[in-house]
Amino acid sequence: MPEVSIISPHYNNPSGLDRLLYTIPDDPLFEVLVIDDRSNRGLNLYTAIKQRYKNSNIVFLTNDSSPKGAGSCRNIGLKHARGKWVLFADSD
């Protein structure tokens, strides 16, 4: 069970997301939840990032709800978080 759940909403900023994920240790004490808000740019890089981290402590989810926005993505992350503590980190 992770100690800290890090929730990161994502929209059209895969390079920023990549920088953020690089700074988070791949440690079982952390779980990272990336919630994509139906991005429509940079999809090739976003797909490559998901592939690179597929065997790590990072879970990629998609906001299929309405309304869109960072708040909705954070709420989705809260529903899936398993950590004792929650931290929000934006990719920008």
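**Two helices and the nonpolar cores**

In this predicted model, the largest nonpolar core has 12 residues in all: Ile6, Leu17, Leu20, Leu21, Ile24, Val32, Val34, Tyr46, Ile49, Tyr53, Ile58 and Ala89. Helix 1, strand 2 (30-36) and helix 2 are the elements that each give two or more residues to this core. Helix 1 supplies the largest share, with 3 residues. A useful piece of background here is that nonpolar side chains tend to be buried together in soluble globular proteins.

A second, separate core is made of 6 residues, among them Ile7, Leu33, Ile35 and Leu61. Returning to the largest core, Ile6 is one of its members. Leaving aside residues up to four places away in sequence, Ile6 touches Ile24, Phe30, Glu31, Val32, Leu33, Leu87 and Ala89.

How, then, are the two helices arranged? Helix 1 spans residues 14-23 and helix 2 spans residues 43-52; they pack at an angle of about 20°, and their axes are 9 Å apart. Because angles under 35 degrees count as roughly parallel, helix 1 is described as roughly parallel to helix 2. The crossing of helix 1 past helix 2 is left-handed.

Which residues make the contact? On the side of helix 1 they are Pro14, Ser15, Leu17, Asp18 and Leu21, and on the side of helix 2 they are Leu45, Tyr46, Ile49 and Arg52. Sorted by character, the residues of this contact comprise 6 nonpolar, 1 polar and 2 charged. Leu17, Leu21, Tyr46 and Ile49 take part in this contact, and these four residues also belong to the largest nonpolar core.

Terms used: Residues numbered from 1 in each chain as written. Predicted model: local features only at pLDDT ≥ 70, side-chain atom pairs only at ≥ 80, totals over all residues. Heavy atoms only, no water. Axes fitted to C-alpha atoms, helices over the stretch in contact; angles between N-to-C directions. Helix = DSSP H or I, 4+ residues; strand = E, 2+ residues; numbered from the N terminus. Parallel < 35°, antiparallel > 145°, perpendicular 65-115°, else oblique. Left-handed = near helix turned anticlockwise from the far one by under 90°. Contact = heavy atoms within 4.5 Å. Nonpolar A, V, L, I, M, F, W, Y, C, P; charged D, E, K, R; others polar. Core = buried A, V, L, I, M, F, W, Y, C linked by side-chain atoms within 4.5 Å. Buried < 20%, exposed > 50% of the residue type's maximum accessible area, 1.4 Å probe, protein only.
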